[in-house]
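Hi,

Here is the structure I said I would pass on to you. Have a look at it first, and then read my notes below.

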Amino acid sequence: MLRTAATYRASGSFLYKNCFPSVNCHARSTLITTASSRPSFLYARTAGSKLDSIRFMATTTNTVPPTGTTGAASGAVKNAAKDKPDSRYSSTLLLPKTTFPLRSEAATREAGFRQRCTTDLYPWQRENNPGELFVLHDGPPYANGHLHLGHALNKLIKDFVNRHRVMRGFKVDYRPGWDCHGLPIELKALNELKVKDRSQLSPIDIRTVAQASARAAIEIQKKEFLSYGIMGEFDNGYLTMDKDFETRQLKVFYEMMNKGLIYRANKPVYWSPSSQTALAESELEYKDDHKSRSAWVGFEVEKPSKALSDVLPKDATLQAVVWTTTPWTLPANRCVAVHPNLGYTLFRVSNSASPNTVYLAATDRMEEMKKRFTLPAADESGAISAQATLEPIGQILGQDFVGATYKHPLTAESLPFIAADYVTSDSGSGLVHTAPGHGMEDYKACLSLGIEAFCPVNNVGKFTAEAGSDLEGLHVQTDGTAKVLEILAEKGSLIQEQAYLHKYPYDWRTKKPVILRATSQWFANVGSIKEDALKASESDKIVPESSRRRLEGFIQSRTEWCISRQRSWGVPIPVLYDVDTDEPLLTKASVQHIIDTVKEHGTDAWWSMTTEELLAPEYRNNGKTYRRGYDTMDVWFDSGTSWTMIEEKMPRPHLPFVADVYCEGSDQHRGWFQSSLLTSVALTGKAPFGTLITHGFLLDAKGYKQSKSLGNTVDPAVVINGGKNLQKDPAYGTDVLRLWAASSEYTKDIAIGKTILTQVAESIRKFRNTARFMLGNLNGFKEDQQVPYDELARLDKFMLAEVYQFSKNVNAGYDEFMFNKVYTQLQYFTSTTLSAFYLDVIKDSLYSDSEKSLQRRSIQTALFHTLNAFTRSIAPLAPHLGEEVYEHYRDCFVAPQPTVFRSGWLDAPESWNNLQLKEEFSVLKHLRSEANQLLEQARAAKAIRSSLEAAIEIQVIESSNAAEDKTDKTSRSSLGQLLESYEEDLRKLFIISDVTLARPESNGGVAKQTETNQENVFVREVLVPRVGSCRMVLRKATMHKCPRCWTYTSPEEDTLCGRCEPVVAAL
């Protein structure tokens, strides 16, 4: 058992009464000195023959512990007889006493504190906090499946913000939301229906199952969020499928329509054949190594312009060289674009099978043309034939052949050459195949010329009959491309096929490539409001500031937003169409009638009611027949209008923003952040957020992106509750998960793994250890027993100065939303400020002074304020730990609160900021470190075992000027003055039995030097920069050991020292 106790001591634990109730133990000081190279604690106590208490908490030192802890424990047994405990005085010592456990056993204990700091706290603060309303608006996660670690990180960051505001007295409004519509949920519903022929399903069938699926997922996710200790109005959150939400969303559509921001157009949009719907830019992800079968094609010029005819040889055939990375779009070709001011060359090719064929390409691309007309060798060596040579015939400008026509390489239609400024000679041939049904630049170039978009591709990505019988039914990106290339080769139009790796958009849900396809879609005109949106966000606080450029870049690059989707599970575009003309009925009366219908019956009415019922009364007998459209709104339009809930329920017209904080991942710069900003500015003229917080994504411990396919994801439920094998995946509890999030620099991508979690768990153990020491020594203390600040000891005033600085730093971290800085401050404060210094120094007084002595009460006053600062600082990050600590000292307060979150925020008055004390203790701590080095030397030489066996003489070395006039106190070195001022405190600071000062002699201002060759005398020269120099001399203490406090300060053996005698006598 001695070995066990020594091990606990060495690892930094501290044990309490009755930890080992039946263990006999007769070793105390030996156990202390062998378990650490420096006695971090003053005492180990015993009562009788049973272990009453073993050394309290381990404090951090700058020394390296000796090797062989087991040997140390063995040595303790050997010396037990020499150091038998003195049971006469053990009951007179004021040992720490608390029921606060060292081990958190978080997986079971946290549940006991959760309700008070979550479901009970939220409504209380909303009703009772005196401050202003603070709204953190939740970006809704998808109501689909279980939560992953990214969800946890996001919700925890928000909870840190909210809890900090609650403790500062704000009325926090936080309503968790869920994004309920969209393709993933619809696909899940279709799978659940298990119907082979999905065409037999009605939209209502799909919507009913999708809604049930979403609600089931919400209940699962709600429980998981609550297990993270998230505080919020979970019973009154918002769902994008709720009737009131959908009604507000349609009102946004109505208002934007009235402002002329909503329109319908048949133009190219990103289309996902795998999802069978249009996609917005925010629903794409780009693959950098997409491989295309690009083609160099000859377009035969049918009617050259006069300028072309002038340079073209008689009887020659002219082929315009065109390069395309999407050969499947060639059936939709409607013109070829050239740059009007670009030079073009007509040339012959040396290896051409037809000597009368002349080719046309940009002059700057002639070197590229040599490569494209050089054919591979016929043998199997892989070599190529001699490079083709080009014979220039003439040059013209692009503007000189605008208006000429060519034969379509597949259909032989006569089509024109047009001018376009976007054509360059950086790549390709300088002539651009233009298909207005498959590209936005193409569409815009053709629009002003009256060339309509043509798109012979259906919703599953297959050619329609309009593409020709050879192509009909073929998938454009696979066998359709192959067939186009085959036909081109047969017709002699294919110059060369080239494999081409490039960046290409993919559907972010299905992970399959998309196409650009012209369909009739609904759009929001972003171009007319984006400058207002940028201006509205200028004054917003954005964390990190670098995110501002990213958000602005996405907004500036947009001119329109495709808001329609071809799905059943969503909010319908509220438009009816004339059956004969396909003209939309987009009027105030019509849309308002639909909104009123949805408000009463929900959006299912769009599919369940008759068209007559959906039609406003004034249009029912106008001689026209209408049909409803079945497009639904982009889910970003759903969630992007969620700010309307705040405007409706908690309007704050005096503020230049709607919600105080938005916080999501960096992918939302082109998603929810942007859609919210655009819709809010369109309707209110102000940004939806006052502060925008962006966090990164998750990496594994090796720095790889977490992915299910890689098997490197971390399940937050496993972190909290443990895995199947608890040895491999221990149950860390919620606070470890929370402190991992707090410790992370979340503005970048964040790593997590077993090693990282172990480190966080160790940090929380140290936090508990520190709190436990303070709790144990505040036993019996009451708030009204505090010593006034002016009567506090200087050490305790210095501690309050440290609390002041700690509180200031913590406040800055929370105010800047940099929770990793708060975590770092907590680590430094507990390990360095407290454990390594203050708590180490005060133990002697706490244990041995009279219970009601001014010195002990002064220390307890400082401890009380220190524990308050620690508990309140850590509570927003680790609420269960904060509650548990507060529970164990709430009786110290005159007016205890039921939860730490109602106890107020950090209270560190400016009067505590004593700069002079900080400067003085900076010097004293430096001297303490030097004294520790001397103690190590003495231990290594086996001159002492415990630091209490030592006494140190400090010989001050004065400057020569000071020595000339010793009568002038102002000339004395600042170090000498400081040491004289603190002479009575030095032995406690050094944790030794005596410190004496040797005043300078007349010989040049140097105190009488000590012979360094004396046995068991250790000397160290000390320089304190900008303060002075001294010499430290360590000897064994000359007085006797006090049997009560163990300091060597008793005048006779086996008698109490001058401090302990009156304390015992008064008992």
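Helix H29 is the biggest contributor to the lining of the second largest cavity, giving 3 residues. That is where I'd start, keeping in mind that this is a predicted model. Along with H29, the elements H4, H24 (734-743) and H25 (754-777) each put at least two residues into that lining. The cavity has a volume of about 90 Å³. Which residues lie nearest its centre? They are Ser104, Ala106, Glu110, Asp735 and Arg768, out of 13 lining residues. Sorted by class, the lining has 6 nonpolar, 2 polar and 5 charged residues.

H29 turns up again when you look at salt bridges. Glu884 forms one with Arg109, and their closest N and O atoms are 3.5 Å apart. The two partners come from distant parts of the chain: Arg109 sits in H4 (residues 106-109) and Glu884 in H29 (residues 879-887), 775 residues apart. Are these two buried or exposed? Glu884 is buried, with a relative accessible area of 4%, while Arg109 is partly exposed at 25%. The cut-off for buried is under 20%, so Glu884 falls below it and Arg109 does not. The pair also belongs to something wider, since shared partners join Glu105, Arg109, Arg768 and Glu884 into one network of salt bridges. You have met Arg768 already, among the residues nearest the centre of the second largest cavity.

How many salt bridges does the structure hold? There are 56, and two others are good to find on screen. One is between Asp815 and Arg168, with the closest N and O atoms 3.3 Å apart. This pair also links distant parts of the chain, as Asp815 is in helix H26 (residues 794-815) and Arg168 is in the loop between helix H7 (149-167) and strand E4 (171-173), 647 residues apart. Both ends are partly exposed: Asp815 has a relative accessible area of 38%, and Arg168 comes out at 39%.

The other is between Arg264 and Asp582, where the closest N and O atoms are 3.0 Å apart. Arg264 is in strand E7 (residues 262-272) and Asp582 is in the loop between strand E23 (576-578) and strand E24 (584-585), so this bridge ties together parts 318 residues apart in sequence. Here too the partners are partly exposed, Arg264 at 26% and Asp582 at 29%.

Now back to the empty spaces. The structure holds 7 cavities of 30 Å³ or more, and the largest has a volume of about 110 Å³. Its lining is made of 15 residues, with Gly182, Leu183, Arg565, Arg567 and Val635 nearest the centre. Strands E8 (277-279) and E26 (632-633) each supply at least two of the lining residues. By class, the lining splits into 5 nonpolar, 5 polar and 5 charged.

Last comes a pocket. The second largest one has a volume of about 1,400 Å³. It is lined by 49 residues, and His438, Gly439, Met440, Glu441 and Leu516 are the closest to its centre. Several elements give two or more residues to this lining, including E7, helix H13 (440-447) and strand E19 (515-525). Which element gives the most? That is E18, with 5 residues. The lining residues divide into 24 nonpolar, 17 polar and 8 charged.

Cheers

Methods. Residues numbered from 1 in each chain as written. Predicted model: local features only at pLDDT ≥ 70, side-chain atom pairs only at ≥ 80, totals over all residues. Heavy atoms only, no water. Salt bridge = Lys/Arg side-chain N within 4 Å of Asp/Glu carboxyl O. Helix = DSSP H or I, 4+ residues; strand = E, 2+ residues; numbered from the N terminus. Buried < 20%, exposed > 50% of the residue type's maximum accessible area, 1.4 Å probe, protein only. 1 Å grid on protein atoms, 1.4 Å probe; cavity = no way out; pocket = protein on both sides within 12 Å on 5 of 7 lines; lining within 4 Å. Points joined across faces, edges and corners; volume = space filled by probe spheres on them. Nonpolar A, V, L, I, M, F, W, Y, C, P; charged D, E, K, R; others polar.
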